[in-house]
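Subject: The structure for you to look at

Hi,

Here is the structure I promised to pass on. Please open it alongside this email and follow the notes as you turn it around on your screen.

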Amino acid sequence: MSTGPGVVLDLIRSGAATTRRELVDRLGWSRVTLSRRLDELLGAGLIETVGQQSSSGGRPPEQFAIAADAGVILAIDVGGSHTRIGVTDLSSAVLTEDEADIGLFDGPDEIFSWAMQVFDFLLPRVGRSRAHVKAVGVGVPGPVDVTTNLLGTPQNDRRWEGIRIEDYLAQYLDRAVVAVDRDVNIMALGEHRLAWPGYRDLVVVKVGMGIGCAFVWNGGVYRGARGGAGTISAPRTGRPSDPLVRLEQVASGRVIRDRLAEAGRTVSTSAEIVALARSGDRLVVQLVEECGELIGAALADVVGLVNPEAVVVGGNLAGAGERFLGAIRAGILGTTHPFSRRGLQIEASRLGPKAGVRGASLIAQDALFDAERVERTLREEPAFRLDTPSVSFA
């Protein structure tokens with residue numbers, strides 16, 4: 001086991017141990033060794049003392065926490081037709097955010113140019129500038145190859161295939177740590193850590209113009225061998241030998257949009273579909289319910305395979321409310337195995353629209369404070385301080 005400062009930082013950041021006594025008990029180190037590591041982290045501005053715990057007698061023990069104000073994280077949650085961005089502190093608390101009807105089909109050049117313009121407007125509102133940005137987290141609606149960090153195939157828009165998002169952001173922020181993942185994975189991470197912390201196994205579904213599915217297994221997001229876990233196929237309606245069809249091709253906001261177009265009606269975004277559903281538009285409500293039933297039927301197999309504690313439904317289309325969620329719930333409970341559905345919770349996202357921004361910030365925070373990265377930086381740059389503007393956290 002490593003005895004470097006990165007291990008100490010991990011325990012403090014997670015809240016598993018925040019005092020000297022707790023850290024010694026967890027690590028089994030001498031107090032001298034622990035003091036040396038804490039001094040390194042304090043000297044680098046990575047942690048700070050945040051007061052003292054209550055004590056039954058004697059001097060209360062001091063507590064340590066991440067130096068949340070030592071910089072900021074930029075979070076970008078790219079959707080099919082809608083994108084949300086936020087500025088957070090280094091503990092991933094949202095300081096300010098914005099959103100717009102711009103998304104995947106506007107292409108990466110347009111998305112990141114727009115995002116940086118908005119960030120340049122938002123940062124001064126919280127007393128910061130680009131020089132204070134330590135990390136960027138990005139969620140994209142398509143697979144990310146974990147072995148190369150390249151966006152995988154297939155993407156819903158070919159302009160996103162095979163690109164490395166770090167290269168796009170380098171022209172704006174060449175010294176920030178960049179972390180990228182599928183949009184539904186960042187949503188799952190945010191939901192798990194911040195809204196379902198006592199749950200170890202979740203299935204998380206994001207439904208907007210497209211559909212994504214993510215798995216939290218044993219407390220961590222499961223990405224598969226190359227980042228492709230979570231592609232769900234539509235329920236089979238033909239011969240077993242027929243090719244599988246992706247679920248979003250038969251049940252998604254895009255399908256509802258196309259069905260409405262056939263009826264001579266025009267909508268562009270999932271938010272417009274939700275507004276019509278909530279107003280009681282009969283055709284839209286019917287299409288939303290049909291979509292939910294198909295999604296539920298497809299998820300029944302997933303529930304049977306992985307036996308989660310809960311299925312969490314988010315994304316813009318979840319804003320359609322109980323008609324949509326109820327249809328998904330009926331599709332799952334009506335077809336899955338009795339043992340698999342015992343105790344199963346099927347709920348809307350607890351973080352709602354903020355799940356993506358919170359999750360994007362969390363993946364950036366994880367990358368920024370990665371134990372090996374911390375130890376390498378402190379070893380190679382003894383004078384390093386995190387709160388120094390415009391420096392590289394290599």
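Below is what I found, starting with the whole chain and then moving to a few strands.

Before anything else, please keep in mind that this is a predicted model.

**The chain as a whole**

The secondary structure of the protein chain comes to 13 helices and 12 strands. Its radius of gyration is 23 Å, close to the 21 Å that the globule rule gives for 394 residues, so the chain is as compact as a globular protein of that length. If you want a feel for the dimensions, the C-alpha trace spans about 70 × 50 × 40 Å along its principal axes.

Of the 394 residues, 50% are buried. Looking at contacts with a separation of 6 or more, 63% are between residues 24 or more positions apart. The protein chain exposes about 17,600 Å², and carbon and sulfur atoms supply 48% of that area. As for charge, there are 43 positive and 48 negative charges, and their mean positions are 3 Å apart.

**Strand β8 and its two partners**

Next, please find strand β8, residues 202-207. All 6 of its 6 residues are buried, so the strand is largely enclosed by the rest of the structure. Leu202, Val204 and Lys206 point one way from β8, while Val203, Val205 and Val207 point the other way. You may want to pause at Lys206, since this lysine is among the buried residues of β8.

Which strands does β8 pair with? One is β9 (residues 211-217), which runs antiparallel to β8 and is joined to it by 6 bridges. A hairpin through 3 residues links β8 to β9. Another is β11 (residues 310-314), which runs parallel to β8 and is joined to it by 5 bridges.

Val203 is a handy residue for seeing both pairings. Its bridge partner in β9 is Phe215, and its bridge partner in β11 is Val311.

**Strand β3 and its two partners**

Strand β3 (residues 72-78) is mostly covered, with 7 of its 7 residues buried. Val72, Leu74, Ile76 and Val78 point one way from the strand, and Ile73, Ala75 and Asp77 point the other way. Asp77 is one of the buried residues here too.

How many bridges join β3 to β4 (residues 83-89)? There are 7, and the two strands run antiparallel. They form a hairpin with 4 residues between them. Within this pair, Ile73 stands opposite Thr88 of β4.

β3 also pairs with β6 (residues 133-140), which runs parallel to it, and 6 bridges join the two. Here Ala75 of β3 has Gly137 of β6 as its bridge partner.

**A last stop at Ala348**

Finally, have a look at Ala348, which is found in strand β12 (residues 345-348). Is it buried, exposed or partly exposed? With a relative accessibility of 34%, Ala348 counts as partly exposed, because that value lies between the 20% and 50% cut-offs. Leaving out residues up to four places away in sequence, Ala348 touches Val312, Val313 and Leu325. Val312 and Val313 fall within the residue range 310-314 of β11, the strand that β8 pairs with in parallel. For a distance across the model, the C-alpha atoms of Ala348 and Ala115 are separated by 28 Å, and these residues are 233 apart along the chain.

Happy browsing, and best wishes!

Methods
Residues numbered from 1 in each chain as written. Predicted model: local features only at pLDDT ≥ 70, side-chain atom pairs only at ≥ 80, totals over all residues. Heavy atoms only, no water. Buried < 20%, exposed > 50% of the residue type's maximum accessible area, 1.4 Å probe, protein only. Pairing = 2+ DSSP bridges. Rg over C-alpha atoms; globule rule 2.2 N^0.38 Å. Contact = heavy atoms within 4.5 Å. Areas by Shrake-Rupley, 256 points an atom, 1.4 Å probe, with all protein chains shown as cover. Lys, Arg positive; Asp, Glu negative; His and termini not counted. Charge placed at Lys NZ, Arg CZ, Asp CG, Glu CD.
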